[in-house]
Amino acid sequence: MLDKPPSRLDLRSDTALAGMRTDGPAVEWRASEEPVEYPTAIATMEARVAAIIAGTATELVWLVEHPPLYTGGTSAKAADLLSNDRFPVFRSGRGGQYTYHGPGQRVAYVMLDLNRRKPDVRLFVAALEAWIIRTLASFNVKGERRDDRVGIWVPRPEKGLGREDKIAAIGIRIRRWVTFHGVALNVDPVLDHFSGIVPCGIREQGVTSLADLGILASMAEVDMQLRHAFEGLFGSGISDRKSEIRVTV
């Protein structure tokens with residue numbers, strides 16, 4: 001008799017998440033100081049993923065901000081693009097629907113070799129969710145998963161019964177078990193910029209940010225907590241945490 005596949009709840013356990021850990025070569029970290037154009041980001045990820053597959057480059061977490069733009073994932077619906085002339089619109093190879101990127105939002109592009117960890121898409125997504133939840137917890141914000149929608153959510157009872165806002169989006173692509181694209185955490189973006197789309201195809205709920213929740217955190221502080229939470233989930237094969245995050249333009 002075949003074993004029952006693990007449930008999403010099982011994949012969120014510490015035991016399951018340990019499958020993402022490795023003691024292999026260090027993961028490189030980069031943080032770009034200037035906004036990165038979206039086509040540049042895609043080209044950079046494509047080149048790095050190819051190099052990781054070829055065994056000529058290490059894994060990479062790349063922290064960026066983008067100029068204001070919308071991206072549509074592989075499931076994006078035309079009706080969810082409410083304003084096609086407000087900001088540039090890019091089709092993306094990542095999973096998911098429409099999302100907004102812009103200043104004040106920390107995008108973390110995650111290029112990891114799951115062959116070195118565990119080649120399991122659902123487990124990888126669960127680990128990304130845990131990464132954001134643990135990062136938010138360091139700012140005393142309770143982020144939550146939802147089984148019927150991707151991303152990390154914050155309950156907003158002050159807005160009404162059952163209301164909640166999305167604070168982080170997740171969209172990935174995997175090629176030969178090497179990941180790219182990643183997560184987008186709202187630190188202090190202009191939330192009105194999300195009004196040109198139906199974010200992730202969900203009309204019933206809103207969006208929020210750390211600043212909207214009253215948390216005045218700098219991007220550097222968010223980056224520090226992102227790295228700390230990442231190390232706890234993805235293993236000790238990460239650069240010495242005393243070293244500075246490498247900054248590039």
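A polar contact is a pair of N or O atoms within 3.5 Å; within protein, one of the two must be able to donate a hydrogen and the other to accept it. In this predicted model, the side chains of Glu164 and Arg146 fit that description, with a separation of 2.9 Å. Glu164 belongs to strand β9. With a relative accessible area of 6%, Glu164 falls under the 20% cut-off and therefore counts as buried. Setting aside neighbours within four places in sequence, the residues in contact with Glu164 are Arg146, Arg149, Trp153, Val154, Pro155, Arg156, Gln205 and Gly206.

From Glu164, the picture can be widened to the rest of its strand and the partners beside it. Strand β9 covers residues 164-175 and runs antiparallel to β10, with 8 bridges joining the two. One of the pairings sets Arg173 against Phe180 in β10. The two strands make up a hairpin, and just 2 residues sit between them. Arg176 is found in this loop between β9 and β10, and its phi is near 50°, a positive value in a residue other than glycine. That is worth a remark, since most residues other than glycine have a negative phi. Arg176 is also out in the open: its relative accessibility is 64%, over the 50% cut-off, so it counts as exposed.

Strand β10 itself, residues 178-186, tells another story, as 9 of its 9 residues are buried. Besides β9, strand β10 also pairs with β6 (residues 105-111), again in the antiparallel sense, over 5 bridges. Here Val107 stands opposite Ala184 of β10.

Next comes helix α4, which takes in residues 121-137. Its 17 residues reach 24 Å from the first C-alpha to the last, close to the 24 Å expected at 1.5 Å a residue. At the N-terminal end, Asp120 acts as a cap, with a side-chain oxygen 3.1 Å from the backbone nitrogen of Arg122. Most of α4 is covered, 12 of its 17 residues being buried. Among them are Leu123, Phe124, Trp131 and Leu136, along with Glu129 and Thr135.

Ile132 gives a good view of what α4 packs against. This residue lies in helix α4 and has a relative accessible area of 0%, so it is buried. Not counting residues up to four places away in sequence, Ile132 touches Ile152, Ala168, Val183, Leu185 and Leu226. Ile132 and Ile152 are 20 residues apart along the chain, yet their C-alpha atoms are separated by 7.4 Å.

Past α4, the loop leading to β7 (144-146) holds Asn140. Asn140 has a phi near 60°, which is positive for a residue other than glycine. Its relative accessible area is 75%, so Asn140 is exposed.

Finally, there is the second largest pocket, which has a volume of about 250 Å³. Its lining is made of 23 residues, and those nearest the centre are Arg94, Gly95, Ala169, Ile170 and Gly171. Several strands share in this lining: β5 (98-101), β6, β8 (149-155), β9 and β10 each supply at least two residues.

Technical notes:
Residues numbered from 1 in each chain as written. Predicted model: local features only at pLDDT ≥ 70, side-chain atom pairs only at ≥ 80, totals over all residues. Heavy atoms only, no water. Helix = DSSP H or I, 4+ residues; strand = E, 2+ residues; numbered from the N terminus. Expected span 1.5 Å × (residues − 1). Buried < 20%, exposed > 50% of the residue type's maximum accessible area, 1.4 Å probe, protein only. Pairing = 2+ DSSP bridges. Contact = heavy atoms within 4.5 Å. 1 Å grid on protein atoms, 1.4 Å probe; cavity = no way out; pocket = protein on both sides within 12 Å on 5 of 7 lines; lining within 4 Å. Points joined across faces, edges and corners; volume = space filled by probe spheres on them.
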